Amino acid sequence: MIYSYDTIEHLHLELSTLCNAKCPLCPRNFCGYPHNDGYPETNLTLEQVKKIFDIKFIKQLKYIVINGNYGDCIMNNDTIEIIKYFRNNNPNINLSMHTNGGARNKDWWIELAKTKTIINFCIDGLEDTHSLYRQNTLYTTVLRNAKYFIDAGGWAIWKYIIFDHNKHQINDARKLADEYGFWEFETVDQGRSDGPVYDEKGNIKHIIGSPDIVEENVHLRLEKHLNNQHHYSQYTKPCKNINCEVKEQKSLYIAANGEAYPCCYTGFYPKTSIHFGNDQLKKIVNNNNALEYGLEDSIKWFDKIEDSWNIDSYDKGRILACDQNCGNNNDLFTIKMETE
């Protein structure tokens, strides 16, 4: 047995599946074009958080990271009160939050600063490049909100995803981060390098990375994408060793609808989602909603994840997400955007 309720120390929490942005390489849409592949549009309320996490459990935690697979926590009206609930019941806990920073007013950011939560502002470039990826967010608004937070005593990190269109601005952005008082400046390479960007009508707006991946018809492309359930496994093979982050960190992921998963890589709502190669998870996920079954009971199926590492193929039930993200040869995994 690898997993035990009373040994969990690290919580990864999604508070919302709603988002003010339309980032083209985010799983919540299709290259910026509106699409919902089965995820619920919902917020986790303060009362629901209290129901899932009792005070005894909160006291055993060392870290809480608030960051969503599908949404941004600033869209949840209860976010600050939820953070206060954790902080009040465990003053020594390390709290951090990731956000595009493109919403809320001055008073909200000042109040958030009082909670002693480290905020990662995702700012991917300067004024002329930031919104090429962070669609629907205003660069000036994000910096203004970050300034509200920092001036109120908040600890802020500038998190910068590197793209071809913004890599030449890293040094200038780093200098600006120092001027604004950011605690740290971090560059991130998430492999989100290529993709078309569509508007809400399905018209091409611009290209992220290589122009070779563009198709004329977004609807045709979308249909191909959804019907090709196994395209991820074509570029991954079983690994000899899995360096599991869950085992190392003693962690847990809770989605915005209360569902429990070992990690965010396995938490793409596998009951409905097909385009992340999580078909195998559908067969082992069982009674995993902590709002319905309680947190302790909703994680009892987690050991089946490690059991799957002894299976030699994905068709037989090996969990693809484990090899992709924690396998010793995950560098072999590359997604090829089909254009034929």
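This note goes through the predicted model point by point, from its overall make-up to its helices, pockets, cavities and salt bridges.

1. Overall make-up. The protein in this predicted model has 13 helices and ten strands. Of its 340 residues, 54% are buried. Among the contacts with a separation of 6 or more, 72% are between residues 24 or more positions apart.

2. Helix α3. This helix, residues 79–89, is mostly covered, with eight of its eleven residues buried. The buried residues are Thr79, Ile80, Ile82, Ile83, Tyr85, Phe86, Arg87 and Asn89, a list that takes in Arg87 and Asn89 as well as the isoleucines at 80, 82 and 83. The elements that cover them include the strands β1 (10–13), β2 and β3, together with the helices α1 (46–52), α2 (55–60) and α4 (106–113).

3. The link from α3 to α4. Helix α4 is among the elements that cover the buried residues of α3, and a salt bridge also joins the two helices, since Lys84 pairs with Glu111 with the closest N and O atoms 2.7 Å apart. Lys84 belongs to α3 and Glu111 to α4, so that the pair links distant parts of the chain, 27 residues apart. Both partners are partly exposed, Lys84 with a relative accessible area of 24% and Glu111 with one of 26%.

4. Helix α7. In this helix, residues 170–180, the buried residues are Ile170, Ala173, Leu176 and Ala177. They lie on the same side of α7, because they cover an arc of only 120° around the axis. The other side of α7 carries the exposed residues Asn171, Lys175, Asp178 and Glu179. The buried residues pack against helix α6 (139–151) and against the strands β5 and β6. After α7 comes Gly181, which has a positive phi, near 95°.

5. The second largest pocket. About 210 Å³ of space lies in this pocket. It is lined by 14 residues, and those closest to its centre are Val65, Ser96, His98, Asn120 and Ile157. Five strands each supply at least two residues of the lining, namely β2 (63–66), β3 (94–99), β4 (118–122), β5 (156–161) and β6 (184–188). By residue type, the lining divides into six nonpolar, five polar and three charged residues. Two of these strands, β5 and β6, also pack against the buried residues of α7, while β2 and β3 are among the elements that cover the buried residues of α3.

6. Asn120. Where does this residue lie, and is Asn120 buried or exposed? Asn120 lies in strand β4, and it counts as buried because its relative accessibility is 5%, where the cut-off is under 20%. Leaving aside residues up to four places away in sequence, Asn120 touches Ser96, Met97, His98, Thr99 and Ile157. Ser96, His98 and Ile157 are also listed with Asn120 among the residues closest to the centre of the second largest pocket.

7. Cavities. The whole structure holds two cavities of 30 Å³ or more, and the largest has a volume of about 120 Å³. Its lining is made up of 16 residues, with Cys244, Val246, Cys263, Ile305 and Cys322 nearest the centre. Helix α13 (residues 320–326) gives the most to this lining, with four residues. The lining divides into 14 nonpolar residues, two polar and no charged ones.

8. Salt bridges among buried residues. A search of the whole structure finds 13 salt bridges. In one of them, Asp323 pairs with Arg318, with the closest N and O atoms 2.7 Å apart; Asp323 counts as buried at 1% relative accessibility, and Arg318 counts as buried at 2%. Salt bridges that share partners also join Glu81, Lys84, Glu111 and Lys114 into one network, so that the pair described in point 3 is part of this network.

9. The Arg134 and Asp124 pair. Another salt bridge is formed by Arg134 with Asp124, the closest N and O atoms being 2.6 Å apart. Arg134 lies in the loop between α5 (130–133) and α6, whereas Asp124 lies in the loop between β4 and α5, so the pair ties together parts that are ten residues apart in sequence. Both Arg134 and Asp124 are buried.

Terms used: Residues numbered from 1 in each chain as written. Predicted model: local features only at pLDDT ≥ 70, side-chain atom pairs only at ≥ 80, totals over all residues. Heavy atoms only, no water. 1 Å grid on protein atoms, 1.4 Å probe; cavity = no way out; pocket = protein on both sides within 12 Å on 5 of 7 lines; lining within 4 Å. Points joined across faces, edges and corners; volume = space filled by probe spheres on them. Nonpolar A, V, L, I, M, F, W, Y, C, P; charged D, E, K, R; others polar. Buried < 20%, exposed > 50% of the residue type's maximum accessible area, 1.4 Å probe, protein only. Contact = heavy atoms within 4.5 Å. Arc of directions from axis to C-beta. Salt bridge = Lys/Arg side-chain N within 4 Å of Asp/Glu carboxyl O.
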